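Hi there,

Here is the structure I promised to pass on to you. Have a look at it first, and then read on for what I found.

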Amino acid sequence: MELTKYSWWGEPNEPPPHLKTKKQLGELGLSPLKPSGVIPTRKYDVFLYDIHNLECCRPKRKPTQKQLQTLAANRLKAKIKRDYQEWYREVGFIEKDRVSAVLWAREQLSQNDLVILDTETTGLDDAEIVEITIIDRLGEMLLDALIKPSIPIPAEVTDIHGITDAMVADAPTFTEVYPRIAEVLEDKRILIYNAEFDIKILNYCCHLHNLPSLNLKERSECLMEWAAQWGGDWSYYYKDYKYFPLSSGNHRALGDCIAALQLIKKMAADSDRINCPVPIPESKRKSNSQ
């Protein structure tokens, strides 16, 4: 049966008052069955239903008490989920990341092949190593050596780590210490506080002295990044965790290695994070965090 066509309301041939749209039927407590008219538009057709014709519409069925209870329960679940998702987007992911950092620290301390490395240098860019220390996960010293660079140590750098030109005057060169570094690091997983810097310096010194690369990037992890994640000081501006300095007290390589080991032990012992009652979702925002 062809539907009677009408124009939009306010125009000639507008629908009579007893013809209603689906939305209007709903407001009257009616459900649509079969349209009796239509208003054609460019995008879609607006179907009309005769409220006086039982073939066109019928009264809505009232929900049972059980249906109402189920509807209310589902709405409450949806609200709780929305509230949790909003909380998680704002701050909840921080707790998840802190738990991940604690579990990571525990995993590192359980590995027999883990070593911690630190260097002191002549500066930041195109700098050379003046001291290197490597310890194992138990704190046993595997290597601790001053190194004589090919350039002077700037006074402002000496003010930081306390190593002077006189202290390294009779020290071995990087070329002489290199075999021992390579031996100690062989088949080891390396943990470094601010790994990007130390790896860059070690690569530079290897290149400067025409020595083979130690391939540190492939087997190193940055404790500074994991510690920042554990600290949980999130920057909403930079979309990342804020780093904090490693405090060793003397800024020497051995002191920094020991401080790094103490830090990872402190992270691993953080039972408050593991016993957190907050449910931890499977996935998160940033990376971004990392």
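Below is a short tour, moving from strands to helices and ending with a pocket. One thing to keep in mind as you read: this is a predicted model.

Let's start with strand E8 (129-136). Eight of the eight residues of E8 are buried, so the rest of the structure largely encloses this strand. E8 has partners you can pick out. It runs antiparallel to E7, and seven bridges join the two. If you want a spot to check by eye, look for Leu-117, which stands opposite Ile-134 in E8. E8 also pairs with E9, again in the antiparallel sense, over five bridges. Here Thr-133 is the residue to find, standing opposite Asp-144 in E9. E8 and E9 make a hairpin with four residues between them. In that turn, Gly-139 has a positive phi of about 90 degrees.

Next comes helix H5, which covers residues 174-185. Its 12 residues reach 15 Å from the first C-alpha to the last, close to the 16 Å expected at 1.5 Å a residue. Which residues of H5 are buried? They are Phe-174, Val-177, Tyr-178, Ile-181, Val-184 and Leu-185. These cover an arc of only 135 degrees around the axis, which means that they sit on the same side of H5. What do they pack against? Their neighbours are the strands E7, E8, E9 and E10 (189-192), together with helix H6 (195-208). Just after H5 you will meet Asp-187, with a positive phi of about 60 degrees.

Helix H7 (residues 223-231) is mostly covered, with seven of its nine residues buried. Among them are two tryptophans, Trp-226 and Trp-230, as well as Leu-223 and Met-224. Gly-232 follows H7 and has a positive phi, near 75 degrees.

Finally, the largest pocket, which holds about 570 Å³ of space. It is lined by 20 residues, and the closest to its centre are Glu-120, Asn-194, Phe-197, His-251 and Asp-256. Which elements give two or more residues to this lining? They are E7, helix H3 (155-161) and H6. E7 gives the most, with four residues. So you have already met E7 twice before: as a partner of E8, and among the elements that the buried residues of H5 pack against.

Enjoy exploring, and do write back with any questions!

Best wishes

Conventions
Residues are numbered from 1 along each chain as its sequence is written. This is a predicted model: local features need pLDDT of at least 70, side-chain atom pairs count only at pLDDT 80 or more; totals for chains, interfaces and linings use all residues. Side-chain values use heavy atoms; hydrogens and water are left out. The expected span of a helix is 1.5 Å times one less than its number of residues. Buried means under 20% relative accessible area, exposed over 50%, partly exposed in between (1.4 Å probe, protein chains only). The arc is that of the directions from the helix axis to the C-beta atoms. Contact means heavy atoms within 4.5 Å. Two strands pair if DSSP finds at least two bridges between them. On a 1 Å grid over the protein atoms alone, a cavity is a set of points where a 1.4 Å probe fits but cannot get out, and a pocket is an open set with protein on both sides within 12 Å along at least five of seven lines; lining residues have an atom within 4 Å of a point. Grid points are joined across faces, edges and corners, and a volume is the space filled by probe spheres set on the points.
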